[in-house]
Amino acid sequence: MPRSQGFSTSLNNRRQSTGLRPVIVLCVISILLLTFYIREGESGPIHGVRSVVTTITSPVRYAGSVVASPFNALGNVFSNLTASQETLSDLKAQNEELTAQVAELSEAQETASRLESLLGLQSTYNLESTAARIIGESSDAWSRTVTIDKGSSDSFAINMPVCNSAGVIGQIIEVSANTSTVRLITDENSGVSAMVQSTRAQGILQGQPDGTLRLEYVTTDADVQEGDIIVTSGIGGVYPKGLPLGTVSTVVREENATYYTITVTPASSDTENNEEVLVITSLNSGQQASDEEVAQANDAPQGTSRTSGSGSSGSSGTTGNSGSSSGGDGDGSGSSSDGE
Amino acid sequence: MDFRDSGPSQRSLVMLAVVACVIQVALSPQISIFGGRFNAMLVLAGTLALTGNAPRAVYVGFFAGLFYDLTASVPVGLMTLLLTIGSFALSHVSNAGTTGFSGTSIRLFFVFSIVVCLANGIGLLLLGYEGDILISLGAHGLMSALLSCALAVPFLMVAGSANQGRGGFTAKGKGGTRFKSSSSGKRLRNLR
């Protein structure tokens, strides 16, 4: 009987530990962390801790990138493996080996062509830049970021623009010692001062939840057409002016609307693992918008008329007839800083 | 008295944690299916919460969420909070018998995964990190939950096999004995 009582009492004591106290304490800590993270802005102790964790875990990221890179050519490998099943068994292994080699060489060839394009971009725009390589995307599903393999030890800093051979892909939002996190322009928290190349109509290029781009704050008296090229305006002082961002895919003018609804196809449709990118480390005076250009953008955000012989209907798709008041005061394009 | 716990051994726990951290850092950034990504930290927290040990589940949930927040581009503290509360709730809903790979554990984990991922999506919406509720919850949240459920299968199997390999404290019992001490003879004699 005494043994039974002792057994039962001890067991009940163990059962009484429901974890309520630690859950309350840890929830309070979590809420405090969240509050401090939001309030501390771009740099602070929590961002510092994240930077340290990113530095520590970067070798594992590299490893994951290396492991995943052969699967970029998985489609070709699978099709070739299917074909090899019909061949003799002694040729099968050789076929697989050759297929793998072809996949590797194809990757190397693509890498070489990308590097050539990057060199072309660098020389064309006279960019002071450093090459880096993408080693992974965001590990959460809600943000569109990529991680590159260089960081503050290579003089990278927050807000530096990043581009690939096709054009701008985003800007650095976090830096650790040997890696940096780049927010892509397709992220919905991204915004870039942009303009229509042919008419200089000003706007803000913003990412959308579905991964597309939208050129906002372009007044309906501006001349914008499908196929127009969107470039950086350089007004925010972050991106050099004239870098390609994308191409206008649809222009919609709602009735009584002040601004167009313009959808833009990104110049760099998709970033991929192990892709080389350029981080623009500094801008010279010729790459920044001059005071005159800023004043002109504020005075005439709708831009100028189209110099080429094409028509100036200004819209396509669902086009309304009324409500074409100028309305825009340049706030949207001129005063907002890039990338924020 | 030294009763063994019903969950996987400490060694298995550490092994699961290390594997989950490696998957989270190395593989999650590389794999995206229909807008969703694996959340190995959610899998780790859920697997260990299913053992029914509430205090341990709370701590594992907290640190797993913190690791997720620190290695992803999300606000630090949100997933920490969700996994802490979620692990606590799951550990109380589940009993010692639900650990391992079974229909009950899969169902409970599925609900846990869906709730945490959708709550995370709503949290990001409220904090202004997301703008579209359908994409945030439907594409990212739901797909991440489903992918995490798929990843949870091997974790639950490992947790279950670690539990089966031990003759310790178990709700299923053997030979009609519901509770067993870690060593049968000497320790019971010491109770007297």
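**Strands, a barrel and two cores in a two-chain model**

In strand E12 of chain A, A:Leu278 is the bridge partner of A:Ala131. That pair belongs to a longer match in this predicted model: strand E1 (residues 128–137) of chain A runs antiparallel to strand E12 (residues 276–282) of chain A, and 6 bridges join the two. E12(A) has another partner as well, strand E3 (residues 161–164) of chain A, again antiparallel but with 2 bridges. Here A:Val162 sits across from A:Val279 as its bridge partner in E12(A).

Stepping back to chain A as a whole, there are 7 helices and 12 strands to keep track of. Chain A has 340 residues, and 39% of them count as buried. Its contacts also reach across the sequence: among those between residues at least 6 apart, 66% join residues at least 24 apart.

Six of the strands of chain A make a closed barrel, with antiparallel pairing and the order E6-E7-E8-E11-E10-E9. Going from one strand to the next, the twist averages 40°. For a look at one pairing in the barrel, take strand E6 (residues 191–196) and strand E7 (residues 202–207) of chain A, which are antiparallel and share 5 bridges. Within that pairing, A:Ala194 stands opposite A:Gly203 in E7(A).

Now for the nonpolar cores. The largest one has 60 residues, and B:Met41, B:Leu44, B:Ala45 and B:Leu83 are those with the most contacts inside it. Both chains feed into this core: helix H2 (20–39) of chain A gives two or more residues, and so do helices H1 (10–27), H2 (40–49), H3 (54–71), H4 (78–93), H5 (103–126) and H6 (133–164) of chain B. H3(B) provides the largest share, 10 residues. There is also a second, separate core of 48 residues, with A:Leu184, A:Ile230, A:Ala267 and A:Ile280 among its members. As a general point, nonpolar side chains in soluble globular proteins tend to be buried together.

Two residues give a feel for the packing in chain B. Leaving aside residues up to four places away in sequence, B:Ala45 touches B:Val60, B:Gly61, B:Ala64, B:Leu83, B:Gly86 and B:Ser87. One of these, B:Gly61, lies in helix H3 of chain B. Is B:Gly61 buried or exposed? B:Gly61 counts as buried because it has 35 C-beta neighbours inside 10 Å, where 20 or more are needed. With the same sequence neighbours left out, B:Gly61 touches B:Ala45, B:Ala49, B:Leu83, B:Thr84, B:Gly86, B:Ser87 and B:Phe88. B:Gly61 and B:Met41 are 20 residues apart in sequence, yet their C-alpha atoms are 8.1 Å apart in space.

Helix H1 of chain B can be followed from end to end. Its 18 residues reach 25 Å from first C-alpha to last, close to the 26 Å expected at 1.5 Å a residue. The buried residues of H1(B) are B:Leu13, B:Leu16, B:Ala20, B:Ile23, B:Gln24, B:Val25, B:Ala26 and B:Leu27.

Finally, how do the chains meet? In all, 46 residues of chain B are in contact with 44 residues of chain A. On the chain B side, H1, H3, H4, H5 and H6 each supply at least two residues, and H3(B) brings the largest share, 8 residues. By type, the residues of chain B that touch chain A divide into 26 nonpolar, 16 polar and 4 charged.

How values were computed:
Residues are numbered from 1 along each chain as its sequence is written. Chains are lettered from A and ligands numbered from 1 in the order in which they are written. This is a predicted model: local features need pLDDT of at least 70, side-chain atom pairs count only at pLDDT 80 or more; totals for chains, interfaces and linings use all residues. A nonpolar core is a set of buried Ala, Val, Leu, Ile, Met, Phe, Trp, Tyr and Cys residues joined through C-beta atoms within 7 Å. A residue is buried if 20 or more other C-beta atoms lie within 10 Å of its own, exposed if 12 or fewer, and partly exposed in between; C-beta atoms are placed from the backbone. Helices (H or I, at least four residues) and strands (E, at least two) are DSSP runs, numbered from the N terminus. Two residues are in contact if their C-beta atoms, placed from the backbone, lie within 7 Å. Ala, Val, Leu, Ile, Met, Phe, Trp, Tyr, Cys and Pro count as nonpolar, Asp, Glu, Lys and Arg as charged, and the others, Gly among them, as polar. The expected span of a helix is 1.5 Å times one less than its number of residues. Two strands pair if DSSP finds at least two bridges between them. Axes are lines fitted to C-alpha atoms, for helices over the stretch in contact, and angles run from 0 to 180 degrees between N-to-C directions.
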